[in-house]
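Student: I would like a close look at a single part of this model. Please take the open sheet and the helices that lie across it, and then turn to other parts of the fold for context.

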Amino acid sequence: MKQAFLLPCGVNVVHERCDSPVVYCGIVVSAGTRHEQAEDSGMAHFVEHLSFKGTRRRRAAAVNRCLERVGGDLNAFTGKQETVYHAAVLRPHFGLAADLLCDIVFSSTYPQHEIGREIEVICDEIESYRDTPSELIFDEFEAMIFGAHPLGRDILGRPERLRAYTTADAERFADRYYRPECCTFFVVGDIGADEIARRVERAVSASTRAESAPDAPGEALPALPQPGIEIKKVERGTHQAYVVMGARTAGGDSAERPALLLLNNLLGGPAMSSRLNTALRERAGLVYSADSFLSTYPDAGLWGVYFGCDKGDVERCRRIVCRELRRLTDAPLGERTLAAAKRQLIGQMGIAREHRESYALALGKTYARYGRLYDVDALSAAVERVTAAELQAAAARYLSPEGLSALIYV
């Protein structure tokens, strides 16, 4: 049973009860890279790192050991749209996890003496990322597609800017966004709503930031620029070429999302039989694998294809990708092919639901972004309703080869 409710303290709670000895829980803070000011490069990620360096009630070592000593797990990540702090514990330790998560989010002190060391950790992360072209290319492609818009910003930030940050900078960002009304607490496990409400309300009331309200975030985020088309080749001296091709799409709340999910899975989903993997690997022998991806935000989305190949095969691979796209834009799928594609995607979603940690994260992020419950059955039904004409129309609108940008590392 899924439910969502608002606590008196201002935190939204979304919860699904299931028969499991493990509880997956966390807090989605609606503050990601896109919420930074232009001069605050990497601020959201910086605050995430510093949130583990001590609170009003716990030293850094106590934060890190708190759940470890009962066999639990604590982690966090920063994205373009939000920052997520999450934990996994056995059922008897849920109260400890809820208290720790609220303490980290609402009472972190971001101590100055920890900042220098942690900045170097982040800078090492940046350098490691820059040395991994198969990962870096996705961020650089997103920057290409969204340009100067906040969605185009690098999550990790710039070392020269990071090294100038202080406790006051972290507090300024946290005071604006790390507030109850900007947070969604999510829980998947064998625990009742009453207990969740009691423990989270108590933990938030013991925090400090919940009581101090400067200017609550209310400004409108910048409008997205009109999409353009760009083909960019970057010399990186790598052994092979890395290629991403793609374009902007509708956002995650669009009525076209089921069709986009279906198209993405059909072209380059996890199955070895995806059209791009079949064409590029199985038939042509040009790549080890070919994948497609669909990233969605409330107001926009990004679809793309990724592959690595020999440098002399880049254009041939791009032509094959475009040929597969035209098969979808130029003619509707046959009835049996469409039914098979739906069956495959719905099956994958049903199996993925059993990975409870990922499911819990999806539950929290969906409610934080859209104010609705993540419902695999409803999404499966929406996929089942997609017609061949709707699928072709979405392909023509977003996947036309003539409308794709490309970033090529050679």
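Tutor: The account below begins with the sheet, continues with its helices, and ends with a pocket and two helices elsewhere.

The model is a predicted one, and every statement here should be read in that light. The sheet is open and has five strands, arranged in the order β7-β11-β8-β10-β9, and the pairing within it is mixed. Its edges are formed by β7, residues 231–234, and β9, residues 287–297, each of which pairs on one side only. From one strand to the next, the twist averages 15°.

At the β9 edge, the neighbouring strand is β10, which spans residues 300–309; the two run antiparallel and are joined by nine bridges. One of the residue pairs can be named: Tyr297 has Ala300 in β10 as its bridge partner. In general terms, strands of a sheet pair through backbone hydrogen bonds, in either a parallel or an antiparallel manner.

Two helices lie across strands of this sheet. Helix α10, residues 275–283, lies across β9 and β10, and its direction makes an angle of about 155° with β9. Helix α11, residues 314–330, lies across β7, β8 (241–249), β9, β10 and β11 (405–409), and runs at about 135° to β10. Strands β9 and β10 are therefore in contact with both helices, given that contact means heavy atoms within 4.5 Å.

Elsewhere in the model, the second largest pocket has a volume of about 280 Å³. It is lined by 19 residues, and those closest to its centre are Ser41, Arg153, Asp154, Gly157 and Arg158. Helices α4 (112–130) and α5 (133–146) are the elements that give two or more residues to this lining, with α5 supplying the largest share, four residues. Sorted by class, the lining of the second largest pocket contains six nonpolar, five polar and eight charged residues.

Helix α4 also holds Glu127. This residue counts as partly exposed because its relative accessibility is 38%, a value between the 20% and 50% limits. In sequence, Glu127 is 32 residues from Pro159, while the C-alpha to C-alpha distance between them in space is 9.5 Å.

Helix α4 appears once more in the surroundings of helix α7, where it is among the elements covering the buried residues, together with β3 (22–29) and α1 (43–50). Those buried residues of α7, which spans 167–177, are Thr167, Asp169, Ala170, Phe173, Ala174, Arg176 and Tyr177.

How values were computed
Residues numbered from 1 in each chain as written. Predicted model: local features only at pLDDT ≥ 70, side-chain atom pairs only at ≥ 80, totals over all residues. Heavy atoms only, no water. 1 Å grid on protein atoms, 1.4 Å probe; cavity = no way out; pocket = protein on both sides within 12 Å on 5 of 7 lines; lining within 4 Å. Points joined across faces, edges and corners; volume = space filled by probe spheres on them. Nonpolar A, V, L, I, M, F, W, Y, C, P; charged D, E, K, R; others polar. Buried < 20%, exposed > 50% of the residue type's maximum accessible area, 1.4 Å probe, protein only. Pairing = 2+ DSSP bridges. Axes fitted to C-alpha atoms, helices over the stretch in contact; angles between N-to-C directions.
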